[in-house]
Structures are given as structure tokens and as C-alpha cells.
Amino acid sequence: MAYILVAFWILCALPILFEQRIRRMAIYLGIFSLITSIIFLVFGAPDVALAEAAISIFSTIFFITCFEKHYNFAEGLKKINWKKLIIPAMFSIGLIVMVLRIAPHAEASTYVMEQYLSYFQQDVGGDNPVTAIYLGYRLYDTVFEALMLMVSVVAISHLSWHKEAEVSEESRHIQLSRHARNVIRIVCPLLPLFGIYLIANGHQSPGGGFQGGVALAAFFVCRYMTYGIHDLPIKRLLIGEKLVLASIIILSIFVVFIGFHSQLQYVPMVQTIYLITMNALIGIKVALGFVMLFYRFIVERM
């Protein structure tokens, strides 16, 4: 079943390559990401599946609303150059054949997985091995990803054409149907609670800073789409994100990199405080980053 899903996953990538209309391409990307989340769930990674689903929902809304504002969909389609599609099609077919014929008979080493599952509670703490991996064993990767988001937000904020610190009242509001607006108004108050829950319980159950941060950012997106509120000081949010990133790096240095954490690795209370604090900082940083990207690309006049 898992290999059939992977083969179908590869097939779903083909419309993204072949589609010439931007709006449909955004929908295909959302479908592709949904199948990716299902595959992650089938392979036993609910945290990664939740993160993929949350980011997919946010990015799909982001793409559609951004294209709706800045592009003219009445333009005719460009003529498809079928010769350029031969190589991607052959490559995709080859991947499907490999997955269906070779992968089911391949033996994967589970040594690293067994080591993580055996020692993560002692080394890092908590009941969720995924959280232990990205806040303990692979903390370098987590800090680097946070830094990349910071660089992206800074680049967009400084290179965009908009010169004002605040969002103007003249920005064109996104038009929604009455039913869509009512649904978003019902969901909007629940998003902060859901985000806080994901952050606070990420060390015990599927969730964490990335997923919770996206949920918090979605609250501000819904807030704008339903009520047209644009009162966020972008420059202050940018300064706040820099301070949060500095806090993540400082906490990582003192707790993990210089060995302070190893001296207290058998104290569950210290481990729990560290995991919750790191998840909270990462969640705040992700939320600030996504909110600023949304307001720069969609709300403000570029």
C-alpha cells in the first residue's frame, strides 16, 4: 500500500510540470502536498505529516490570494512545448517502475531509528522522538532552518518596493464569498488555541514549534481576509523575529552546544522546560516570519 501511494505521489507531480495556468498549478501543489502528508503518516511520522499539511494550507492560500491580486487570469494560455515534457515524463515513469519493482524487495537499515527510540528520553527528554531529534540530535539543522527563514524575511522586507512601515488602508481587500467568510470567522478564534496547544504539547505528542507557528500565523491571515484589518507594524515584527532568533541561538549554546544539558540530562523537569521553551521560541519565530511574508506580498502595494 505504501509503495502504491509513493507511485501515485510521483504521478501527482506531473500536472505541476505540465500545467500552464498559475491558479490551477497552486491547486495541484496543494493536492501534491496533501498526498505527501498522507505518505508521511503511513510511514509513521505524524509530526512531519502535520507540519506538511499546515504549511501546505498556508502556502496554498498564499499563492491563490497573491495571484488573484497581482495577475490577470483572463490571459490566454501559452502554447505547450511538448518536446520539453518528454524528459520529465520518462524520468517520472522510471521512478514509478523503480518504486513498484525494486523498493518492495529492498532492506532498509533500522539501526539509527532504534538508537533514537532507545535513548531519546534519556538524552533529550519528552515522549516524542521527533521533537527530541530536531531539538537535540539535529539541533544544528533546526537553527540553520530558523536562520534561513530569517534571511528570507529580511531580504523580502528590504528589497520590496514598498517604503512604508505600516500597511496602508488603501490596500485592496481580498474578496470572499459569504459562506467562505462565515466559515473563516468560525475557525479564526480557534487557531490561536490550536497553535498554543501544538507548541505546549509538542514534546509529548505530534506537534511542536513549526506546526504551532503556522497555526498562529494563519490566525492573522484569517483576521485580514475576513475583517480587512491591517494594523501590524512590519518593522517591529522584523525586530522581534531577530530577537527571537538570537534567543534560540543563545539557549542552544548554553543548553546543548557547551554541554550544560548533558550534566542535567537525567533531570526530567529541566528537559521539559528546555523543550517547551525551544518550541515556544520556534513557534513565535515561524509565526512572525509567515505573517510578515503574507503582509508584504499580499496586503501591501509592492
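Helices (H or I, at least four residues) and strands (E, at least two) are DSSP runs, numbered from the N terminus. The model shown in these figures is predicted; local features need pLDDT of at least 70, side-chain atom pairs count only at pLDDT 80 or more, and totals for chains, interfaces and linings use all residues. Residues are numbered from 1 along each chain as its sequence is written, and side-chain values use heavy atoms, with hydrogens and water left out.

**Figure 1. Overview of the protein and its 13 helices.** The protein has zero strands, and its elements, read from the N terminus, run α-α-α-α-α-α-α-α-α-α-α-α-α. Of the 302 residues, 40% are buried (under 20% relative accessible area, where exposed is over 50% and partly exposed lies in between, with a 1.4 Å probe and protein chains only). The accessible surface comes to about 17,500 Å² (Shrake-Rupley method, 1.4 Å probe; for residues, only the protein chains shown count as cover). Carbon and sulfur atoms hold 70% of that surface. Among contacts (heavy atoms within 4.5 Å) with a separation of 6 or more, 78% join residues 24 or more positions apart.

**Figure 2. Close-up of helices H8 and H10, with Ile-184.** Two packed helices are described by the angle between their axes and the distance between the axes. Axes are lines fitted to C-alpha atoms, for helices over the stretch in contact, and angles run from 0 to 180 degrees between N-to-C directions. The axes of H8 (residues 178-187) and H10 (residues 209-227) come within 10 Å and cross at roughly 140 degrees. H8 is therefore oblique to H10 (under 35 degrees counts as roughly parallel, over 145 as roughly antiparallel, 65 to 115 as roughly perpendicular and the rest as oblique). The crossing is left-handed (the near helix is turned anticlockwise from the far one by less than a right angle; clockwise would be right-handed). From H8, Arg-181, Ile-184 and Arg-185 meet Cys-222, Met-225, Thr-226 and Tyr-227 of H10. By class, this contact has four nonpolar, one polar and two charged residues (Ala, Val, Leu, Ile, Met, Phe, Trp, Tyr, Cys and Pro count as nonpolar, Asp, Glu, Lys and Arg as charged, and the others, Gly among them, as polar). Ile-184 belongs to H8 and has a relative accessible area of 15%, so this residue is buried. Its C-alpha atom is 8.4 Å from that of Met-225, although the two residues are 41 apart in sequence.

**Figure 3. Close-up of helices H9 and H10.** The axes of H9 (residues 190-200) and H10 come within 7 Å and cross at roughly 170 degrees. H9 is therefore roughly antiparallel to H10. Residues of H9 in the contact include Leu-191, Pro-192, Phe-194 and Gly-195, and those of H10 include Gly-209, Gln-211, Phe-219 and Cys-222. The classes represented are 11 nonpolar, five polar and no charged residues.

**Figure 4. Close-up of helices H5 and H6.** H5 (residues 111-123) and H6 (residues 129-137) pack at an angle of about 65 degrees, with their axes 10 Å apart. The two helices are therefore roughly perpendicular to each other, and their crossing is left-handed. Tyr-116, Leu-117, Tyr-119, Phe-120 and Asp-123 of H5 meet Pro-129, Ala-132, Ile-133 and Tyr-137 of H6. Eight nonpolar, no polar and one charged residues form this contact.

**Figure 5. Close-up of Phe-32 in helix H2.** H2 spans residues 22-42. With a relative accessible area of 22%, Phe-32 is partly exposed. Leaving aside neighbours within four places in sequence, Phe-32 is in contact with Trp-9, Cys-12, Ala-13 and Ile-16. Ser-56 lies 24 residues from Phe-32 in sequence and 9.1 Å from it in space, C-alpha to C-alpha.

**Figure 6. Close-up of Gly-289 in helix H13.** H13 covers residues 268-299. Gly-289 is buried, its relative accessible area being 0%. Not counting residues up to four places away in sequence, Gly-289 touches Val-153 and Glu-241. The C-alpha atoms of Gly-289 and Val-214 are 9.4 Å apart, with their positions 75 residues apart in sequence.

**Figure 7. Close-up of Val-143 in helix H7.** H7 comprises residues 139-159. Val-143 counts as buried at 16% relative accessibility. Beyond residues up to four places away in sequence, Val-143 touches Ile-249 and Ser-252. Val-143 and Ser-252 are 109 residues apart along the chain, and their C-alpha atoms are separated by 8.4 Å.
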